[in-house]
Amino acid sequence: MMPKVIIPPPYRGATSGLDEISVAGETIGDCLSSAIALHEDLRELLLALDGTLQPFVTVVLNGEKLSQDKGLNVKLAQKDVIEIISAIAGG
Amino acid sequence: MSSDRLIYVDMTTETVEIRDFPEEWLLLGGRGLSAKILNKECDPKCDPLGPDNVLVMAPGVLGGTSAPTSGRISIGGKSPLTGGIKEANTGGNPGQHLMKLGYRAIIVKGKPSDQGGRWGLEVDSSGASLVRTDEYKGMWNYALCEKLHERYSKTASFISCGPAGEHQLKGASVATTDQDNRYPARHAARGGLGAVMGSKGLKYVAIEPAKASTRQPKNRKEFGNLCKGYSKEYLGGDQMFKFGTSAVVPLANMLHTFPYKNRTSGQSPDVETLDGKHIVATFEERGGGMHNCLTGCIVKCSNVVHDSEGNYKTSALEFETLTLLGANCAVSDWEDVADLDRLCDEIGLDTVETGAAIAVYMDADRLAWGDASGMKKLMQEISDGTELGRAIGNGAVATGKYCGHSRVPTAKGQALPAWDPRPLKATGVTYCTSPMGADHTAGLIINPGLKPEQYAWESQKVQIVNAVCDSSGFCQFLQPNMDDIRGFYGAMIGREITREEIADIGWQVLEDEWAFNDAAGFTASDDVLADCLTEDPIGKEPTVFDVPKDIIAAAKKRMPNQEDLFTARAAG
């Protein structure tokens, strides 16, 4: 079993409609890199040019929101679920 | 609740009548109530600027209660822009105040014989009355509100139209004052209802709540628990709008829905300088900040923007405005967009329609792209009612005709908002089928990964959810779902509201609105988008809006209720 990454609706154009993908990785950063390897269009949606998370992206690990400064080095267990939340809507 | 009332205003006879609120309309408010009233009282074939049009101002079902962020108000009528039914929803405090006073709607009919006259409607706990106020004729909204606060108390809230409405221009908005009751920075903007207000000679509505108390539900304990629980969950969650919608700019650009130069591209080279993060960055040095536009709001998505001297400049500088008056006109500096936003609020204009109209004007080579100074001069022309000003103020279609320019991105005569239907095809289905025309608040779906067979349901689902939300008084940015709303309704009236009932309420709103439009002469052939959207591709893998007619039509045929209808959050 591999960690799962839940893709928010605005990002599903980059994953050809997939709403979740299972990827290998020991850390959140590894998993997001694996997701990007599968779907390159996720790169700019997830990561800034310096490799940090985009400011409009929040990562939720097993239901708990991670603060931006925790970085991408949080270690994962095999059954972990990473949910990407992106702040987008509105008028 | 049985003591609720309706305020009927006849501008032909200059009379006001207070009537009882029909018991059978108990679960109607906002958009749903407006649609019901318009079907009952307004001839769909009437001249939108004539005496037979009806202007409705209706708070939501939960307005005036302690439910969080529940005081939105719907302004309704026949739109002079689309020729169909229109509901424009806004914040500010008038909705809360009206409901606390027990008024479920203001219904304005007729038209004064003296077209040069101006009136105000005064509403308080003792009733409502019209006053002649010619001295306010032509006033810009901020100056008007300053004068009104000299006339009325500091706790009064106001609904007004600016010179654009008085000139009866189809891009005119209806303004409401914000939570502080000072600034007319909230606008029921889409569809030209400010022109309807102006055509009736009604310059403002003043609502004096005095010591009117919060409305109490039948089941206070349950209602209170729902309020606490919802607020706790919302404030402990993502709070998507804590920096306002202007923060959406970079992601929208990545998704190719940050239109540039009259939608000839979905991305703007000015994305960095139009990013809302710059607005947030000014707060520390200049003052201003995030605030809530209405009492009881927990979302606080509205920004208060100060200039470089630290003085108030404008409020609610939103993503749509940064797009339509910014990127779409190739304006690169967000500070210029802030100035233009203030001018729209003053003159009483929809920033979306006005930005789209100016972009058409620029595309016709009548003004250089990015000429913010020239845009400000156009605003003055609109205020002055010049021939050019009238063309721009009448919106994108009128501007296209004035310039002989055919590239006009609209649906049912209304300019498209920022969310582009070419990468967001399900949203395009909403624009085609919504009774409102090109209105993202009718049902926004930001999911470019959907398959064509999903478009009809996704659009229908969110149109039903948003219809219920806009009838409830809840702000779409609170993002309630149907289960949330029916829970509050149930505690409000003292009995359970089933899933079937709440879904039926939402569907009925759409049916009432489609019925009005059908009677106004709309047919399925009107459920289309402008040619430039079906012919001019944009995006990384360039795409047009190419959804087949049968899928579009399917969005208007009721599908069986699915689980996600009740769990999907309002999206606009």
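**Exercise 1. Compare the expected and actual span of helix 12 of chain B, and find how many of its residues are buried.**

*Solution.* Start with the term: helices (H or I, at least four residues) and strands (E, at least two) are DSSP runs, numbered from the N terminus. Helix 12 of chain B covers residues 351-363, 13 residues in total. The expected span of a helix is 1.5 Å times one less than its number of residues, which gives 18 Å here. In this predicted model the end C-alpha atoms are 18 Å apart, so the two values agree.

Next comes burial. A residue is buried if 20 or more other C-beta atoms lie within 10 Å of its own, exposed if 12 or fewer, and partly exposed in between, with C-beta atoms placed from the backbone. In helix 12 of chain B, 13 of the 13 residues are buried, so the helix is largely enclosed by the rest of the structure. Just after this helix, D365(B) has a positive phi of about 65°.

A word on the model: it is predicted, local features need pLDDT of at least 70, side-chain atom pairs count only at pLDDT 80 or more, and totals for chains, interfaces and linings use all residues. Residues are numbered from 1 along each chain as its sequence is written, while chains are lettered from A and ligands numbered from 1 in the order in which they are written.

**Exercise 2. Where in chain B do T69(B) and Q168(B) lie, and are they buried or exposed?**

*Solution.* Recall the background first: most residues other than glycine have a negative phi. T69(B), not a glycine, has a positive phi of about 50°. Look for T69(B) in the loop between strand 3 (55-59) and strand 4 (73-78) of chain B. T69(B) has 28 C-beta neighbours inside 10 Å, so this residue counts as buried.

Now turn to Q168(B), also not a glycine, where phi is positive at about 60°. Q168(B) sits in the loop between helix 4 (163-166) and strand 10 (174-176) of chain B. With 24 other C-beta atoms within 10 Å, Q168(B) is buried.

**Exercise 3. Which strands pair with strand 6 of chain B, and in which sense?**

*Solution.* Two strands pair if DSSP finds at least two bridges between them. Strand 6 spans residues 103-109 of chain B, and six of its seven residues are buried. Strand 1 (residues 5-10) runs parallel to strand 6, with six bridges; V9(B) has V108(B) as its bridge partner. Strand 3 runs antiparallel to strand 6, with three bridges, and here M57(B) is partnered by I106(B).

Then follow A105(B) into the core. A nonpolar core is a set of buried Ala, Val, Leu, Ile, Met, Phe, Trp, Tyr and Cys residues joined through C-beta atoms within 7 Å. The largest one has 193 residues, and A105(B), I107(B) and V205(B) have the most contacts inside it. Two residues are in contact if their C-beta atoms, placed from the backbone, lie within 7 Å. Leaving aside neighbours within four places in sequence, A105(B) has contacts that include L6(B), L33(B) and M57(B).

**Exercise 4. How many residues does each chain give to the contact between chains A and B?**

*Solution.* Chain B gives 26 residues and chain A gives 18. On the side of chain B, helix 7 (249-254) and helix 10 (319-326) are the elements that give two or more residues. Helix 7 gives the most, with four. For the complex, the predictor reports an ipTM of 0.92 and a pTM of 0.97.
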